[in-house]
Amino acid sequence: MTLANLEIGTEAKVTQILGETPATKRLMEMGVVPGVKVRVVKSAPFGDPIEIRVRGYSLALRKSEAETIEVQISN
Amino acid sequence: MKSLQTNQKPEIVIALAGNPNAGKTTLFNALTGMKQKVANYPGVTVERKEGIWKLGDKTASLIDLPGLYSLDATSLDEQIARDVLTGKVENLPKPDAIIAVVDATNLERNLYLVTQLFEYKIPVVVALTMVDVFEKEKHEIDAEKLSEMLGASVVSIKASTGHGIDELEEKVGAKIGKREEIPFVLNESTENGNAKIFERYNFISNAVQESVKHNDLEEHNFSEKLDRILTHKFFGLLILIGVLLLVFQTIFSWAELPMNLLESGFGALNEFVKTKLPEGILADLITDGIIAGVGGILVFLPQILLLFLFISLLEDTGYMARAAFLLDKLMSKFGLHGKAFLPLMSSFACAIPGVMATRTIENPKDRLATIMIAPLMSCSARLPVYTLLIATFFAEQKVFGFLSLGAVLMLAMYAIGIIAAIIVAFALKKTLLKSETPPFVMELPPYRMPNFRTVFQNMFQRAGLFIKRAGTVILAISIVLWALTYFPRPAENAETPVFTTTSEEKCLCPETAARLKDEAKKAEDEKQSLALQNSYAGQLGHAIEPYIEPLGFDWKIGIALISSFAAREVLVSTLSIIYNVGKDVDAESDTLTNAIREAKRPDGSAVWTPLTAITLMVFFVLAMQCMSTIAIVRRETNSWKWTLFMVGYMTVLAYVAAFLTYQGGKFLGFG
């Protein structure tokens, strides 16, 4: 599954970044790399963008960008 | 660029790098005190901040790089930073050392930039900020271990109290001129971009794991709690609207008092200069040309200062990113970034601060699209035009029995501007400014108390840049426009009766004196009106008459259109001069509204009908009648091409819309 369909409040581990676009590059530079834990905090009023928590800080990204991040829910 | 010290060139250059919000500016201020200077990097609008830092017995030039997350040159800021670090910027030697400002509360992501800095083969000293905040949250950080793991000096500092500054000085001083081992290098076999990033983060995770003890209660911090309200689906939007209204209200109405003061100040200065200088062309040039022109733009300074105060506050507290987060969906529908909202909103007060505020938008194409449409927002300078025309033709009329027609028209003008802006933005993003959707990916920094020194410093530095940037172009255009309305001078003919009332006033009865004074004023007004009609601007008015005839405008309105190119509100004073009522009237003056209503064409028909008035208003919504905006757009885009494009498309849009309004109105039987 991707970060885009992760439910609010759920924590997951990034397994893979799909593709290599300016957006995926920026996301990785911001610390969203395979192995890191992320949690979806909320979505903006119109459902997009979303806020995630990663490496102890808050990051906003559009849903379309979240779709490039493959995640696995951690137990 | 001139050096800060004209007599002594700094011996050492040190670059200050770090993520946005890492505390870079505070450290920069602490190290340089007031000895700093802001300019732009050649050819771009990236701010170049430079200061003098006393490093032991040496003088170092401290270069404050823009806030960066990475050095891979996707944004202009990143490219400039790379140029500085590789010594490619003119008159700026390659730095001897780098101070990397690292926020301890956000260690891993901050260290990413540091791993990239290592690759420039310049000694790096890490200045660790916010350690106290980090440790208050019951984490522990071992600076020595971190230094060992990174292979670079790490100094824990607190810029506001000066803690660690001496140690930083010592550590940086020790690095100067030393060639040292590069602490971290990428595996040479790593080629793929994503893999490189991955490798850097692995190095970081390892270093952090060894030097930081986390407690597990790190989540649900203060900012996240505050965000439950501030980015709430409903209350978040409500609060945002409130904040924007406050900003709008401030630049719109609270700036009025200082603006009026400035205006009367320049008026008084004008009068004073007039009395001091001998009458003639020089006096007229200085007063009506230069003082009036430059004064006309400096009047906007209070609005600009206030807007920048708000922007600095919103940025410094961390709220700006939330506003972009809340509005991005809405704005992206028109192809714009969430951050475009504030500049556009500000443009309702004045496009100049609005255009300058687009600097917060990182993507150049998004920024350009926002600049291009900002002047379509009905600014406060259009209000006198709307007010005059509404007062003249629609004062008493009602719609549906209770709504004033004037208010409805006013609202319609705002709506026309907004709709045009949406269409233009959409069209631009589909064509000329087409680009892959730039990443939105944006940090939501923790909420912090703003540092007021930084906020005010920011405000004044930006306002200073505005005066410097806009000043020269505006001065030049003011003089040209003044000359157009001033030359050729009418011959001082004998037909104009000369009234010397001073001696007669004493002996005549008050009525006669008043009558004589009145006649003198009338003659003076008439003289002014004739001079304007015969000037080059007047001739231009005649020349463009065939082209504006289809809009229902005669050559006198043509003159007003030409002179109001300086600034929209000039239309009111120009019309007053043309219609002989003297230039010192305001938009609600009865004499002017009467004069407009009674103006006749040579064939005896009325020049102005309600339809003409609406057409002129529509023209003013869309036309680029403001030289100050043109000057600032030229400076901010650094391109005459885009500036002329803006003037061109707005003029065409205004003409077509006015044409359709007038001809359509006539077809429907109005006017």
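Where in chain B does B:T437 lie? Look in the loop between α18 (405-430) and β12. Keep in mind that this is a predicted model.

## Around β12 of chain B

B:T437 is exposed, with a relative accessible area of 63%. Along the sequence, B:T437 and B:N363 are 74 residues apart, yet their C-alpha atoms sit 9.8 Å apart in space.

Now for the strand that follows that loop. B:L444 belongs to β12 (residues 442-444) of chain B. Here the relative accessible area is 2%, and since buried means under 20%, B:L444 counts as buried. Its C-alpha is 9.8 Å from that of B:A324, with the two positions 120 residues apart in sequence numbering.

## Helix α3 and the loop after it

Helix α3 of chain B covers residues 107-118. At 1.5 Å a residue, its twelve residues should span 16 Å, and the end C-alpha atoms are indeed 16 Å apart. Twelve of the twelve residues are buried, so the helix is largely enclosed by the rest of the structure. The buried set includes charged-type names such as B:E108 and B:R109, along with B:L111, B:Y112 and B:F118.

The loop between α3 and β6 (124-129) of chain B holds B:K121. This lysine has a positive phi of about 55 degrees although it is not a glycine. B:K121 is exposed, at 61% relative accessible area.

## Helix α1 and a negative patch

In α1 (residues 24-32) of chain B, the buried residues include B:L27, B:F28 and B:L31. B:K24, B:N29 and B:T32 are buried there too. Just after α1, B:G33 takes a positive phi of about 60 degrees.

On the surface, B:E135, B:E140, B:D142 and B:E144 gather in a patch of negative charge. B:E135 comes from helix α4 (residues 131-136) of chain B, and is partly exposed, with a relative accessible area of 36%.

## Backbone oddments

Two cis peptide bonds are worth a look. In chain A, the bond from A:D48 to A:P49 is cis, with omega near -10 degrees; A:P49 is in the loop between β2 (37-43) and β3 (50-54). In chain B, the bond from B:F487 to B:P488 is cis, again with omega near -10 degrees. B:P488 is in the loop between α19 (452-486) and α20 (501-507).

Back in chain A, the loop between β3 and β4 (57-61) contains A:R55. This arginine has a positive phi of about 45 degrees although it is not a glycine. At 14% relative accessibility, A:R55 counts as buried.

Notes: Residues are numbered from 1 along each chain as its sequence is written. Chains are lettered from A and ligands numbered from 1 in the order in which they are written. This is a predicted model: local features need pLDDT of at least 70, side-chain atom pairs count only at pLDDT 80 or more; totals for chains, interfaces and linings use all residues. Side-chain values use heavy atoms; hydrogens and water are left out. Patches are made of residues with over 30% relative accessible area and no salt bridge: like charges are joined within 9 Å, nonpolar side chains (Val, Leu, Ile, Met, Phe, Trp, Tyr) within 5 Å. Accessible areas come from the Shrake-Rupley method with a 1.4 Å probe; for residues, only the protein chains shown count as cover. A salt bridge is a side-chain nitrogen of Lys or Arg within 4 Å of a carboxyl oxygen of Asp or Glu. Lys and Arg count as positive and Asp and Glu as negative; His and the chain ends are not counted. The place of a charge is taken as NZ of Lys, CZ of Arg, CG of Asp or CD of Glu. Helices (H or I, at least four residues) and strands (E, at least two) are DSSP runs, numbered from the N terminus. Buried means under 20% relative accessible area, exposed over 50%, partly exposed in between (1.4 Å probe, protein chains only). The expected span of a helix is 1.5 Å times one less than its number of residues.
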